[in-house]
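Reader: I have a model open and want to learn to read how its helices and strands fit together. Where do we start?

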Amino acid sequence: MNLHRLMQMHASGEKISMLTAYDATFAALADRAGVDSLLVGDSLGMVSQGRDSTLSVSLEDVVYHTKCVAKGVQAAQNNACIISDLPFGSYQISKEQAMQSATALLQAGAHMVKLEGGGWTNEVVQFLTDRGVLVCAHLGLTPQTVFALGGYKVQGRDEQAALTLLNHATQLEQAGASMLVLEMVPVDLAQKVTSKLSKCATIGIGAGNVTSGQVLVMHDMLGAGIGKLPKFVRNFLIDQPGVEQAMRAYVTAVKDGTFPDNERHAW
């Protein structure tokens, strides 16, 4: 799996499946199950480290977990595209800092890096992509700025907020972003963004089934999440004999459009 194949899927309308991964074992299972892309998310701070948010996750943390995931993918079929988060504080200071951080993640085994936010990030995305770094952007609910957003709330509800998000998405595509995560936005807005972008695949989480693909935190889709799960999450381990089979069921549901169920939405 590479960018060319992902863009082929996007152009043809084939849904892209993505799961988070943090270690070699689950990365290998996901790869064997046919998951298209694995996200080494800074959600590892909450899922693996027991922290309250993603804000204290360091670049060294993400580098370490990226190495683990890369080993797992190599041990399996070596097919999944690995995307690693640039954690808070690793790209906000300067474009040069962002490049140094991205270099560390690519050297650890990532194929693409992900950063959050729109507007000010356009220059960073342009700087990275001009130097051959593939970038996945992230709009809507951006966990690294969750306190500024007032908590874990649906974004883009009112007309002005929706227009701003749409403009940011267009600018990020023009800056060179190859993928765009849309987290917890209304389905009609996710549809507008997806229709507007031609060279940038949208990946939804709590954004309905209208995006180019879907991503879930792996622990959530296995029913192993700590605390109350979001309404849009489905436990794919139910009625499945094991984790790999649950991941295959997730891939199938993403591909055929039966996940997510728009009746169980976040907005």
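Author: Start with contact: two residues are in contact when heavy atoms lie within 4.5 Å. Keep in mind that this is a predicted model.

Reader: Which residues of α5 meet α6?

Author: On the α5 side they are Lys95, Glu96, Ala98, Met99 and Ala102. On the α6 side they are Glu123, Val124, Phe127 and Leu128.

Reader: What classes do the residues of that contact fall into?

Author: Six are nonpolar and three are charged. None is polar in the contact of α5 with α6.

Reader: How do I describe the geometry of such a pair?

Author: Two packed helices are described by the angle between their axes and the distance between the axes. Here helix α5 covers residues 95-108 and helix α6 covers residues 121-130. Their angle is about 50°, and their axes are 9 Å apart. That angle makes α5 oblique to α6. The crossing of α5 past α6 is right-handed.

Reader: What angle does α6 make with α7?

Author: About 20°, with the axes 8 Å apart. Helix α7 spans residues 159-175. Angles under 35 degrees count as roughly parallel, so α6 is roughly parallel to α7. α6 passes α7 in a right-handed crossing.

Reader: Which residues meet there, and how many are polar?

Author: From α6 come Thr121, Asn122, Val125, Gln126 and Thr129. From α7 come Gln171, Leu172, Gln174 and Ala175. Six residues of this contact are polar, three are nonpolar and none is charged.

Reader: Now a single residue. Where is Val133, and is it buried or exposed?

Author: Val133 sits in the loop between α6 and β5. Its relative accessibility is 3%. Buried means under 20%, so Val133 counts as buried.

Reader: Which residues does Val133 touch?

Author: Leave out residues up to four places away in sequence, and Val133 touches Met99, Ala102, Leu106, Val113 and Leu128. Take Met99 as an example. Met99 and Val133 are 34 residues apart along the chain, and their C-alpha atoms are separated by 8.4 Å. Met99 is also one of the α5 residues that meet α6.

Reader: On to the strands. What holds a sheet together?

Author: Strands of a sheet pair through backbone hydrogen bonds, either parallel or antiparallel. In this model eight strands form a closed barrel with parallel pairing. The order is β1-β2-β3-β4-β5-β6-β7-β8. From one strand to the next, the twist averages 25°.

Reader: Which strand joins β5 through Val113?

Author: Strand β4, residues 112-114, runs parallel to strand β5, residues 135-140, and two bridges join them. Val113 has Val135 in β5 as its bridge partner. Val113 is also among the residues that Val133 touches.

Reader: Where does the barrel close around β8, and what are its partners there?

Author: β8 pairs with β1 and with β7. Strand β1, residues 16-20, pairs with β8 in the parallel sense over four bridges. Strand β7, residues 201-205, runs parallel to β8 and is joined to β8 by two bridges. Gln214 in β8 stands opposite Ser17. Gln214 is also the bridge partner of Gly204.

Reader: Which way do the residues of β8 point?

Author: Strand β8 covers residues 213-216. Gly213 and Val215 point one way, Gln214 and Leu216 the other. All four are buried.

Note on methods. Residues numbered from 1 in each chain as written. Predicted model: local features only at pLDDT ≥ 70, side-chain atom pairs only at ≥ 80, totals over all residues. Heavy atoms only, no water. Buried < 20%, exposed > 50% of the residue type's maximum accessible area, 1.4 Å probe, protein only. Pairing = 2+ DSSP bridges. Axes fitted to C-alpha atoms, helices over the stretch in contact; angles between N-to-C directions. Parallel < 35°, antiparallel > 145°, perpendicular 65-115°, else oblique. Left-handed = near helix turned anticlockwise from the far one by under 90°. Nonpolar A, V, L, I, M, F, W, Y, C, P; charged D, E, K, R; others polar.
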